[in-house]
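The following exercises ask the reader to examine one structure and to justify each assignment. Each task is followed by a solution in steps.

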Amino acid sequence: MNILFAASEVAQISQLGGLGDVVAALPKELHTLGVRSRIVVPWTSKIDLKRFRCEKILQFSFTMGGMAENVNVWKSDFFFGVPVYILENRRYFGGEMMYRDFNGYLEPTRYMFFSKAVLELILQWDFVPDVIHSHDFYTATISLFRNTVYKKHPIISKIGILMTIHSIRAQGRAHNSILDFAGIKKNELTSYKNDPMRNINFVEQEILNADIITTVSPTYAKEVLTPQFGYGIEKTLKKRKKDFYGILNGIDINEYNPRLKHTIYHSYGIPDVLEKKLKNKKKLLGELHLRSRDKQPLLSIVTRLDDQKGIDLIFEVFPRIMDLDMTFVLLGQGRVDYINKFKKLAEKYPGKVRLIFKFDHELSKLIYAGSDMFLMPSRFEPCGLTDMIAMRFGTLPIVRLSGGLKDVVSDGYNGFGFVIYNAENLFSVIKRANNSYINFQKLHKVGRARDTQWMHMIERAMRKNFSWKKSARQYKTLYRKIIRKLRNGDRE
Ligand code: ADP
């Protein structure tokens, strides 16, 4: 079975969020199940071609918008068993970022180009995928191209498409004249709705055109069928309900492994978590110029700075978090207004807060390992990986119980959670976590740390199975289903 992962980002090589983690980890797990996978992503100037041992293997051209476009294909064997291909075209992807906004307003043209380039790449190389696994709106028009421009093509028309929705909010809307630009006839579109603004919606089109649709947690799969979470396309999704599945993401448990030496200051497992976590915390605090705060609870967050992540609630409760004398560390990138507001708040609490506004994979692991609690009060959360990573490092998550967070975190058992999105609820759960930590510290001093609720929760969090094994098998079953469906010629 050959599967091609077509995506906007892939962890380590070029990443901005959880989508990149999935695109790196799932094919690696599929490899152990005997599935041959390749990954294809767009080039950006941030990709370190040297570090990832990239080799230029191919060059091809095709037409987009009536212009001949050249594509350089770079190959990286950085991931064992799963080659990554990077498509370079500097007219469409000239800068540092794979996308300039998280909600799909700015990028339809670039990603329509990338989607067509992926199909044209298949015509150039030695790998015909049985299924293309497409991720979010960025690669959504692959299925649209397959069912229109390439519908009679002897190779492309026979390739199945599985679409994963990582977040339904980013839909990619564009004026329908983009179809002329792409050479797609409007009357060939599945259920094309001529909306009042004469827009087409990429994700909606892919929902109609892909063979199978998945999303990243069972709870989110239910939520997106409602008007509250469906962002206007819940009715279209309902039409495909029998081909729609919620599969919980895993994490790369080898990459995020507290037992692994050299990626964190002091490696550890459940038996020595207390002693080693404290050592990691002290070292991290030292590095972050917060020395002498090792007695206070360290509350961290590693995140995209986007309203999805509940940042407005953090602002509201921030003074009260400081009154509890907690230490706060943030590693995040995103909205400038959020960055400015954080800076302003932090000024009032020198020595208690450290803000790092960048994307830093290595530092993120030191933060997961060295913190006591991890904050994630998301407005909505399709899956959520940072909570899983934190738990794997024995750092207790404080979350809003929505989407995948509800599938993973149980309040008072392996983390802390609240349901209704408001600052009071968030603060009350932080206070509860803080009390539990203080109680743990008291008993720790008298050698009874192992009897505390805190310690039991850490153990449960660390024991939870976050591997991709089960989910990868579920994906393999769905790929098979698509292949069978195509062989029987019953594509809808
Ligand atoms: P989302 O996909 O919505 O951004 P997830 O929780 O699913 O959120 O995944 C986020 C992923 O991106 C995690 O692997 C997290 O560690 C990583 N990440 C987010 N922001 C940063 C950052 N500033 N530096 C390093 N890693 C980050």
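**Exercise 1.** Is Asp360 buried, partly exposed or exposed, and what is its relative accessible area? Characterise its salt-bridge partner as well.

*Solution.* The coordinates come from a predicted model.

Step 1. The relative accessible area of Asp360 is 21%. Buried requires a value under 20% and exposed one over 50%, so Asp360 is partly exposed.

Step 2. Asp360 is joined to Lys358 by a salt bridge between the side chains, with an N to O distance of 3.3 Å.

Step 3. Lys358 has a relative accessibility of 39% and therefore counts as partly exposed.

**Exercise 2.** Which residues come nearest to the ligand, and which polar atoms lie beside its oxygen atoms?

*Solution.*

Step 1. There are 23 residues around the ligand, and those that come nearest are Gly18, Asp21, Arg304, Lys309 and Tyr368.

Step 2. Assign the shell to secondary structure. At least two residues each are supplied by helix H1 (18–32), strand E12 (298–305), strand E13 (327–334), helix H12 (361–370) and helix H13 (386–392).

Step 3. Examine the polar atom pairs. Arg304 places a polar side-chain atom 2.7 Å from an oxygen atom of the ligand. For Leu385 a backbone N or O atom is involved, at 2.9 Å from a ligand oxygen. A polar backbone atom of Thr386 lies 3.1 Å from an oxygen atom of the ligand.

Step 4. Consider the covered surface. The ligand taken alone exposes 560 Å², and the protein buries 93% of that area.

Step 5. Return to Arg304. This residue also belongs to a network of salt bridges that links Arg169, Arg304, Asp306 and Asp307.

**Exercise 3.** How many salt bridges are counted, and which parts of the chain does the pair Glu29 and Lys469 tie together? Treat the pair Asp372 and Lys281 in the same manner.

*Solution.*

Step 1. The count comes to 33 salt bridges.

Step 2. In the salt bridge between Glu29 and Lys469, the closest N and O atoms are 3.3 Å apart. Glu29 belongs to helix H1 and Lys469 to helix H17 (residues 469–487), so the pair ties together parts that are 440 residues apart in sequence.

Step 3. Compare the two partners with the cut-offs. Glu29, at 14% relative accessibility, counts as buried, whereas Lys469, at 43%, counts as partly exposed.

Step 4. Asp372 and Lys281 form a salt bridge whose closest N and O atoms are 2.6 Å apart. Asp372 is in the loop between H12 and E15 and Lys281 in helix H9 (residues 273–287), so placed that 91 residues separate them along the chain. Both Asp372 and Lys281 are buried.

**Exercise 4.** Where is Ser371 found, and which residues does it touch?

*Solution.*

Step 1. Ser371 is located in the loop between H12 and strand E15 (373–376).

Step 2. Its relative accessible area is 0%, so Ser371 is buried.

Step 3. Leaving aside residues up to four places away in sequence, Ser371 touches Lys277, Leu298, Ser300 and Thr395.

Step 4. With Ser300 there is also a polar contact of 2.4 Å between the side chains.

Step 5. For a distance along the chain, take Arg335, which is 36 residues from Ser371; the C-alpha atoms of the two are separated by 24 Å.

**Exercise 5.** What is the distance from Glu234 to the nearest side chain of opposite charge?

*Solution.*

Step 1. Glu234 is placed in helix H8 (residues 234–239).

Step 2. Glu234 is buried and has no salt bridge; Lys235, the nearest side chain of opposite charge, is 5.6 Å away. A salt bridge requires a separation within 4 Å.

Step 3. Not counting residues up to four places away in sequence, Glu234 touches Val224, Leu225, Thr226 and Pro227.

**Exercise 6.** What is the sign of phi at Asp136 and at Asp325? Locate both residues and classify their accessibility.

*Solution.*

Step 1. Asp136 is not a glycine, yet its phi is positive, at about 60°. Asp325, likewise a residue other than glycine, has a positive phi near 65°.

Step 2. Asp136 lies in the loop between strand E6 (131–135) and helix H3 (141–147). Asp325 lies in the loop between helix H10 (311–323) and E13.

Step 3. Asp136 counts as buried at 6% relative accessibility, while Asp325 counts as partly exposed at 30%.

Conventions:
Residues are numbered from 1 along each chain as its sequence is written. This is a predicted model: local features need pLDDT of at least 70, side-chain atom pairs count only at pLDDT 80 or more; totals for chains, interfaces and linings use all residues. Side-chain values use heavy atoms; hydrogens and water are left out. Helices (H or I, at least four residues) and strands (E, at least two) are DSSP runs, numbered from the N terminus. Buried means under 20% relative accessible area, exposed over 50%, partly exposed in between (1.4 Å probe, protein chains only). Lys and Arg count as positive and Asp and Glu as negative; His and the chain ends are not counted. Contact means heavy atoms within 4.5 Å. A residue is near a molecule or strand if one of its heavy atoms lies within 4 Å of it. A polar contact is a pair of N or O atoms within 3.5 Å; within protein, one must be able to donate a hydrogen and the other to accept it, and residues adjacent in sequence count only if both atoms are side-chain atoms. Accessible areas come from the Shrake-Rupley method with a 1.4 Å probe; for residues, only the protein chains shown count as cover.
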